[in-house]
Amino acid sequence: IYNPKLRQRICDMKKTHDQIIDDVNIDTVVYAGWNTTKAENAQEIVNSFHNFIEQNKNEIEALEIIYNQMYKNRPITYKMINDLYDKLTSSPYYLTRNKLWSAYEELYPNKVKSRIDDKLADILSLIKFELGQNDTLQSFASLTNNKFKKWIFDKNSGYGQFTEEQMDWLRKIRDHISLSMHIEKGDLELTPFNNMGGLQKYYQLFGNNYEIILEELNYALVA
């Protein structure tokens, strides 16, 4: 204990491990409740999105089609949606799909379904939900899948059953539309359709209805 270094060491350890407990100035609860800041931020994002739609509904082609539901006469293409998204993510909006999806999840948790992947086509779901054209917000792939099931059911009940080979083609067409929002005859010469026989095979399977089916799916899965 008479060793100066030992005494200094003890003092240093004491400073390191001492805890000061203030039992005079007791903390008091100032506010108890939900954090409103997050909800307010989410509302600002949604308001900005609403303003974007209203200000550009006659200027951006894809937005005009969705707003007026003109899918039969003017099909939406990937390029249209990409151009729309470029403007949405630019000044003064700076809105991304993830930012918008999170905002709607915060404001309408019972109406928003989670996404597995983030796809450009999901912007259609966001716009339709904001416009009140859809009651729930879900990925565009989920929407197209549900509409595809209904289309198949209606077709099978009216015209007989599709064969398994035909169904394989129809599912691939559905998957293409869920990503690109539109399909044309020329797309049937590309992957994965070229590995299945391309446009010629598609024509063999569906005969004179080959163009009608593409037109119907383009409308039924997107509208």
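Here are legends for five close-up views of this predicted model.

**View 1. Helix 4 packs against helix 6.**
Two packed helices are described by the angle between their axes and the distance between the axes. For helix 4 (residues 78-88) and helix 6 (residues 122-130), the angle is about 70° and the axes lie 10 Å apart. That angle makes helix 4 roughly perpendicular to helix 6, because anything from 65 to 115 degrees gets that label. As for handedness, the crossing of this pair is left-handed.

**View 2. Here's where the side of helix 4 meets helix 6, residue by residue.**
Helix 4 brings I81, L84, Y85 and L88 to the meeting place, and helix 6 answers with I123, L124 and I127. What kinds of residues make up this contact: nonpolar, polar or charged? The split is 7 nonpolar, no polar and no charged. Zoom in on I123 and you'll find I81, L84, Y85 and L88 among the residues it touches, along with R97 and L100 (leaving aside residues up to four places away in sequence).

**View 3. I123 shows up again in the largest nonpolar core.**
In soluble globular proteins, nonpolar side chains tend to be buried together. The largest such core in this model has 57 residues. Which residues have the most contacts inside it? They are F49, I123 and L170. Helix 2 (residues 36-56) gives the most to this core, chipping in 6 residues.

**View 4. The loop between helix 4 and helix 5 holds P92 and Y94.**
Look at the link from S91 to P92: it's a cis peptide bond, with omega about 5°. P92 sits in the loop that leads from helix 4 to helix 5 (97-107). That loop is home to Y94 as well, and Y94 has a positive phi, near 55°, even though this residue is something other than glycine. Is Y94 buried, partly exposed or exposed? With a relative accessible area of 48%, Y94 is partly exposed, since the exposed label needs over 50%.

**View 5. The loop between helix 8 and helix 9 holds M181 and P192.**
M181 isn't a glycine, yet its phi is positive, at about 70°. You'll find M181 in the loop between helix 8 and helix 9. Its relative accessibility is 1%, so M181 counts as buried; the cut-off is under 20%. Follow the loop on to P192, which is placed between helix 8 (164-180) and helix 9 (198-206). A cis peptide bond joins T191 to P192, and its omega is about 5°.

How values were computed:
Residues are numbered from 1 along each chain as its sequence is written. This is a predicted model: local features need pLDDT of at least 70, side-chain atom pairs count only at pLDDT 80 or more; totals for chains, interfaces and linings use all residues. Side-chain values use heavy atoms; hydrogens and water are left out. Axes are lines fitted to C-alpha atoms, for helices over the stretch in contact, and angles run from 0 to 180 degrees between N-to-C directions. Helices (H or I, at least four residues) and strands (E, at least two) are DSSP runs, numbered from the N terminus. Angles under 35 degrees count as roughly parallel, over 145 as roughly antiparallel, 65 to 115 as roughly perpendicular and the rest as oblique. A crossing is left-handed if the near helix is turned anticlockwise from the far one by less than a right angle, and right-handed if clockwise. Contact means heavy atoms within 4.5 Å. Ala, Val, Leu, Ile, Met, Phe, Trp, Tyr, Cys and Pro count as nonpolar, Asp, Glu, Lys and Arg as charged, and the others, Gly among them, as polar. A nonpolar core is a set of buried Ala, Val, Leu, Ile, Met, Phe, Trp, Tyr and Cys residues joined through side-chain atoms within 4.5 Å. Buried means under 20% relative accessible area, exposed over 50%, partly exposed in between (1.4 Å probe, protein chains only).
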